[in-house]
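Good morning, colleagues. Please take a moment to look at the sequence and the structure before I begin.

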Amino acid sequence: MNKQSPTLHDVKAASPLVASLGRSSVVAFAVYGAGIGVTYLAQLAIARIAGVENYGIYSYVLAWISFLSYFCAQGFDVSLLRFIPPYRADRAWALLRGAIQYAERRALIISLITIIFGESIVIGLTTSLPRELHNTFVIGFMLIPVCALLWIRGSATRAFGGVVSALAPDRIVRDGILLALILFASWGLRLKVDAPLVMFATLIGAGTALATVSLALRRWRPLELKNVTPVYAAAIWRRTAWPLVIMTATEVLLNRTGVLVLGWVGDTKNAGIYSLVFNIALVITLPRMAINTLLSPSVSVLFNSDNHPMLRVLIARSARWTVIAAAFTGIALFVLADPLLGWFGVGYKAGLPALQVLVVGQVIAAVAGSQLQLMTMTGNERSAAALLILATVTNAVASFAFIRLFGLTGAAVAYCLTLIVWNLTMAYCLWRRLHFLPGLFAMLQTRQMLAWHRIAITDATN
């Protein structure tokens with residue numbers, strides 16, 4: 001048997017880690033679930049109070065701001081999950097503190113440069129842009145450094161073990177404040193809620209979330225960091241971070257291509273509807289996101305310690321949870337899609353076919369498991385970045401073609417086809433380099449290996 005194949009001993013040895021991952025994933029799923037509930041209530045309030053046109057403008061601008069924010073985070077919202085666990089295990093406190101400070105300062109500098117350039121471009125286009133779109137962009141650019149620091153500090157808090165403290169500000173506090181402000185402006189102050197006002201409320205919510213996660217980071221960081229002088233390994237961090245910059249920003253671009261293309265061709269109404277149905281379909285990814293919260297640092301530790309058998313067990317168990325949860329969630333969403341869209345208003349029911357297509361695509365993707373995180377945490381971030389760029393370009397070309405033919409449903413078809421091809425190429429890359437099978441297939445492979453091991457033990461005993 002291959003020495004990298006898991007044995008019964010590996011399964012027993014991995015049990016505490018798997019159990020810890022399971023408990024933490026349940027907690028993370030609860031936070032993600034609560035967060036998605038708050039987010040959908042906020043989206044429901046914006047959609048009904050602001051109307052389809054304003055919701056479309058807000059969604060279009062937010063798609064651009066999200067992309068730029070992830071670019072300005074410089075990949076450190078992911079790389080800190082990779083650097084902090086080994087530094088902490090080796091008690092390299094100076095490097096650990098240096099990594100966090102370097103990430104924050106670099107993100108802030110890039111954000112300020114982006115704001116200057118972005119505001120200059122928007123001001124230069126004042127005469128050609130609709131007033132509400134122009135004003136929404138002007139306010140939205142202020143959101144970039146806030147989001148970048150929010151994600152970086154959240155990742156550091158997660159790496160130190162504060163799962164709820166890291167996730168709650170971004171997932172619950174931010175949109176909770178947004179929801180409260182929209183309702184207060186509409187019902188309390190009787191203001192007209194338009195796209196610029198919604199973006200301003202989003203800025204306040206994100207600022208509150210940043211303050212909350214900053215307090216959490218101070219509480220969760222080890223005491224050894226308090227007085228240590230930071231040491232900077234900038235060359236190593238930059239070399240690792242650049243592929244992650246490309247990956248995180250490009251993944252956002254991949255997910256928001258439909259919104260951006262629809263808005264680019266001037267159809268901001270359908271851009272808003274597509275943004276809504278896309279966000280609803282993302283519920284299917286919640287189990288995988290929850291598991292990835294602790295899976296990513298665990299993969300980093302096991303891979304760096306060359307413990308591939310236990311890593312296979314961990315991947316297989318996490319895949320089983322992901323596939324089962326995604327299947328049940330997908331079926332429920334597909335059945336309830338029509339009445340669900342009805343809650344947001346009659347105009348949003350035009351997105352029903354797109355929502356059903358997206359649900360099917362996300363369930364298929366769930367079968368492949370957490371391949372992007374696996375590639376990132378095993379030193380294959382450059383290959384992952386290259387595949388992600390290729391997928392994003394493919395999605396953009398397909399979106400322009402299919403939107404011309406089928407409208408907003410075409411955007412969903414283009415995204416789902418791209419999602420399937422992207423996961424197949426990642427699976428091939430993981431098998432060729434690490435001999436890891438994706439998701440559901442990893443689970444079946446591990447079960448078969450364990451069956452062979454039991455047979456071998458029985459034969460040796462007899």
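Which residues make the nonpolar surface patch of about 730 Å²? They are Ile331, Phe334, Val335, Leu336, Val360, Ile364, Ile420 and Leu424. I should say at once that this is a predicted model.

Three helices, α12 (308-344), α13 (352-368) and α16 (408-434), each supply at least two residues of the patch. The most comes from α12, with four residues. Val360 may serve as an example from helix α13. Val360 counts as partly exposed because its relative accessibility is 43%, where the partly exposed class runs between 20% and 50%.

I turn now to the largest pocket. About 390 Å³ of space lies within this pocket. Its lining consists of 15 residues, and those nearest the centre are Trp64, Ile121, Val122, Leu125 and Phe137. At least two lining residues each are supplied by α2 (52-72), α4 (93-124), α5 (131-140) and α9 (234-264). Helix α4 provides the largest share, namely five residues. In character, the lining comprises 12 nonpolar residues, three polar ones and no charged ones.

Next, the salt bridges. How many salt bridges does a search of the whole structure find? The search finds four, and I shall describe three, including the pair formed by Glu104 and Arg153. In that pair, the side chains meet at 2.9 Å, N to O. Glu104 belongs to helix α4 and Arg153 to helix α6 (residues 143-159), so the bridge ties together parts that are 49 residues apart in sequence. Glu104 is buried, because its relative accessible area is 16% and the buried class lies under 20%.

A second bridge joins Arg174 to Asp170, with the closest N and O atoms 3.3 Å apart. Both residues sit in helix α7 (residues 163-188), four residues apart, so about one helical turn separates them. Asp170 is buried as well, at a relative accessible area of 12%.

The third bridge I shall mention pairs Lys349 with Asp338, whose closest N and O atoms are 3.4 Å apart. Lys349 lies in the loop between α12 and α13, and Asp338 in helix α12, so this pair ties together parts that are 11 residues apart in sequence. Lys349 is partly exposed at 39% relative accessibility, and Asp338 is partly exposed at 34%.

Finally, a contact distant in sequence. Tyr40, in helix α1 (residues 8-50), counts as buried at 16% relative accessibility. The C-alpha atoms of Tyr40 and Ile280 are separated by 8.0 Å, although the two residues are 240 residues apart along the chain. Thank you for your attention.

How values were computed:
Residues are numbered from 1 along each chain as its sequence is written. This is a predicted model: local features need pLDDT of at least 70, side-chain atom pairs count only at pLDDT 80 or more; totals for chains, interfaces and linings use all residues. Side-chain values use heavy atoms; hydrogens and water are left out. On a 1 Å grid over the protein atoms alone, a cavity is a set of points where a 1.4 Å probe fits but cannot get out, and a pocket is an open set with protein on both sides within 12 Å along at least five of seven lines; lining residues have an atom within 4 Å of a point. Grid points are joined across faces, edges and corners, and a volume is the space filled by probe spheres set on the points. Ala, Val, Leu, Ile, Met, Phe, Trp, Tyr, Cys and Pro count as nonpolar, Asp, Glu, Lys and Arg as charged, and the others, Gly among them, as polar. Patches are made of residues with over 30% relative accessible area and no salt bridge: like charges are joined within 9 Å, nonpolar side chains (Val, Leu, Ile, Met, Phe, Trp, Tyr) within 5 Å. Accessible areas come from the Shrake-Rupley method with a 1.4 Å probe; for residues, only the protein chains shown count as cover. Buried means under 20% relative accessible area, exposed over 50%, partly exposed in between (1.4 Å probe, protein chains only).
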